[in-house]
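This report goes through selected local features of the structure below, grouped by topic under short headings.

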Amino acid sequence: MAHALEAVGITKSYGASPGGVAVLRDLSFHINRNEFVSFVGPSGCGKSTLFNIITGLMPPDMGRILIDGEDTTGRVSPRLGYVLQKDLLFPWRTVLDNVILGLEIRGIPRREARERAHEVLKSYHMDGYEAKFPGQLSGGMRQRVALMRTMITDPEIILMDESYKALDYPLKIALESELLDVVKKAGKTVIFITHDIEEAVTLSDRVYVMKARPGEIIHEIDIDLGTDSPSIPERRMSPHFNTYYEMIWKKIGIAPMAA
Amino acid sequence: MTRQTETPASPVAASRRISAESRRKALLISLQLGLVIAALLAWEFGARSGAISRFLFASPLMIWDVLVQRSGTGELLRDVRATSVETLLGYALGAIGGSVLGLGLWYSRFVSDFAAPFIAAVGSIPVLAVAPMTIIWFGTGLTAKVVIVAFSCVVVSLTTSYRGAMRTDPDFINLMRSFNAGRSAIFFKLIVPAAMPWVLQGLKLNVGFALIGAIVAEYISSDAGVGHMILLGSSNFSMNIVLAGILLVMVMMLVFNFCIGLLERAILRWERK
Ligand SMILES: Nc1ncnc2c1ncn2[C@@H]1O[C@H](COP(=O)(O)OP(=O)(O)OP(=O)(O)O)[C@@H](O)[C@H]1O
Ligand SMILES: [Mg+2]
């Protein structure tokens, strides 16, 4: 069976190709089904560029993206949904109408879409917020609504780029615990992009470590914290945590930092 | 997952803040009203005592008499109606049509780049300069006036709504693309609502321009309308009629602005929440 997602020889530079700055050079990796994989690397190593290439919003100069064995390079796939740091909720739509955006675009009847959204909101304990506007919600709630909007379209793979960067620590822990719980239960594959080593270790089954200029994968680490619990504090306190943290820190620490 | 609870500021503090705010407002309004009344009284008594020339400045009661007399003969209603019809039709054509065109230009970068210098050229023509020509082309009836009003609004609405459409955050557009949205879904579900505050900005600016257009059109040729009334008054040196006309224009402006305000509140409902 094909990998959930596979990248082969991804290369990208900005500006005129020869002489342009190489941002990503010959990245190859694979993500297994139901796996939670993080990409961690210093600022400017090309993580967001990689994000744009995986989503198909930007074509790479070279290389291919395969989702479930199908070549989706340079085009968006309904099998993949994403959540960014910016929640990107439409301020003129209510919470309910934001959640159904993807369904609406796919032509699912409004009634049915709304029914499904009610269910989802309930399962996230956010029933009662249907008629609120995003401007009335806290940052954490907005980010959760963004996750619901992605989850409701039922993508096989969820791609996240620094999704919880702007949140304060306790809220981040709460939302990440919820994320792990939700994706494990729903059997989703997650690709999580971050510069935060702690975040990468606590959440992931596997971590790719990147370096900058040009962006390359320099290391791959399987993570086993010895627990299946989605609770972030519990995972964080695993006796294995420090070992992994140190391993990754050493890789990133010796890589030249982006200015 | 723990539920977030919003903690409102203490209700006592809130109501105290509101009452201080409303007291400030009441003070402002009574001062403003006081100034207007004092000025009107000074004007009236000045005119009666001869300190202010009635020939040049009329007086508040003389203006009032004009309004009462003309509403008795039905001229007032006829003039206000004529100007309102010209303004509303021209506004619908120019301001609303211009907004639709401006948003539509989002569809094609090529067309909008191509059209840009022509739009700027048309926008640089003062309405006064084209008004006489419009009369020659469209006659002295309603059509010419509607065209003049439309001309005086179209470019402002077109450029503000185009700018609003182009300012849409590309991350939102990408999100729509990630849901496989086509260009028209992106346009109707994202671009149009996202640009709405700019569209409304253009619509608000244009209330004034539309009314100016209508008055200018009536100055060039007319047999009714508030502009007609002002023109006639000034050619007879009847300052009371001229000033009554100006007062009518101000009131019409207030009413139109109020209506646009209502529209804005209805459309930008989400912004106040
Ligand atoms: N549109 C662009 N044109 C030119 N250079 C770009 C563009 N986007 C990004 N870059 C450059 O490419 C490099 C990688 O950018 P990218 O945003 O992918 O990094 P990142 O790892 O996501 O960084 P961060 O952790 O700060 O989000 C950076 O040096 C950046 O300045
Ligand atoms: Mg980034």
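## Helix α8 of chain B

In this predicted model, the buried residues of α8(B) are B:F172, B:N174, B:L175, B:M176 and B:S178. They pack against elements of both chains: β6, α3 (101-105) and α5 (139-151) of chain A, together with α9 of chain B.

Both ends of the helix have a local feature. At the start of α8(B), a side-chain oxygen of B:D169 comes to within 2.8 Å of the backbone nitrogen of B:D171. Just after α8(B), B:N180 has a positive phi of about 65°.

## A salt bridge between the chains

B:D169 also takes part in a salt bridge with A:K86, at 2.9 Å from N to O. This pair crosses between chains: A:K86 is in the loop between β6 (80-84) and α2 (95-99) of chain A, and B:D169 is in the loop between α7 (142-166) and α8 (170-178) of chain B. A:K86 is partly exposed, with a relative accessible area of 41%. B:D169 is partly exposed as well, at 23% relative accessibility.

## Salt bridges involving chain A

Over all chains, the whole structure holds 34 salt bridges. One of them joins A:D61 and A:K12, with an N to O distance of 3.7 Å. A:D61 sits in the loop between α1 (47-55) and β4 (62-67) of chain A and A:K12 in strand β1 (residues 5-14) of chain A, so the salt bridge ties together parts that are 49 residues apart in sequence. A:D61 is partly exposed, with a relative accessible area of 36%, whereas A:K12 is buried at 11%.

A:R110 and A:E104 form another salt bridge, their closest N and O atoms being 3.1 Å apart. Here A:R110 is partly exposed, with a relative accessible area of 41%, and A:E104 is buried, at 15%. Through shared partners, salt bridges join A:R93, A:D97, A:E104, A:R110, A:R114 and B:K189 into one network.

## A buried glutamate without a salt bridge

Which side chain of opposite charge is nearest to B:E218? It is B:K145, 7.1 Å away; B:E218 is buried yet has no salt bridge. A salt bridge requires a side-chain nitrogen of Lys or Arg within 4 Å of a carboxyl oxygen of Asp or Glu, so B:K145, at 7.1 Å, does not form one with B:E218.

B:E218 belongs to helix α9 (residues 183-220) of chain B. A polar atom of its side chain lies 3.5 Å from the backbone nitrogen of B:H228. Leaving out residues up to four places away in sequence, B:E218 touches B:A82, B:T83, B:E86, B:K145, B:A224, B:G225, B:V226, B:G227, B:H228 and B:L231.

## Helix α10 of chain B

B:V226, B:G227 and B:H228, which B:E218 touches, are among the buried residues of helix α10 (residues 226-235) of chain B. The other buried residues of this helix are B:M229, B:I230 and B:G233. Their cover includes α3 (60-73), α4 (75-104), α9 and α11 (239-267) of chain B. Just after α10(B), B:F237 has a positive phi of about 55°.

## A threonine in a chain A loop

A:T153 lies in the loop between α5 and β7 (157-161) of chain A. A:T153 is buried, with a relative accessible area of 10%. Its side chain reaches the backbone oxygen of A:T150 at 2.8 Å. Apart from neighbours within four places in sequence, A:T153 is in contact with A:G102, A:L103, A:R106 and B:F179.

## Strand β10 of chain A

A:I218 is part of strand β10 (residues 216-222) of chain A and is partly exposed, with a relative accessible area of 32%. Beyond its neighbours within four places in sequence, A:I218 is in contact with A:V209, A:M210, A:K211 and A:K251. Between A:I218 and A:G41 the C-alpha to C-alpha distance is 9.7 Å, although the two residues are 177 apart in sequence.

## A nonpolar surface patch on chain B

B:L28, B:I29, B:L33, B:I37, B:L41 and B:F45 make a nonpolar surface patch of about 590 Å². One of these residues, B:L41, is in helix α1 (residues 11-49) of chain B. B:L41 is partly exposed, with a relative accessible area of 47%.

Conventions:
Residues numbered from 1 in each chain as written. Chains lettered and ligands numbered in written order. Predicted model: local features only at pLDDT ≥ 70, side-chain atom pairs only at ≥ 80, totals over all residues. Heavy atoms only, no water. Helix = DSSP H or I, 4+ residues; strand = E, 2+ residues; numbered from the N terminus. Buried < 20%, exposed > 50% of the residue type's maximum accessible area, 1.4 Å probe, protein only. Lys, Arg positive; Asp, Glu negative; His and termini not counted. Polar contact = N/O pair within 3.5 Å; in protein donor to acceptor, adjacent residues only side chain to side chain. Contact = heavy atoms within 4.5 Å. Patch = residues over 30% accessible without salt bridge, like charges linked within 9 Å, V, L, I, M, F, W, Y side chains within 5 Å. Areas by Shrake-Rupley, 256 points an atom, 1.4 Å probe, with all protein chains shown as cover.
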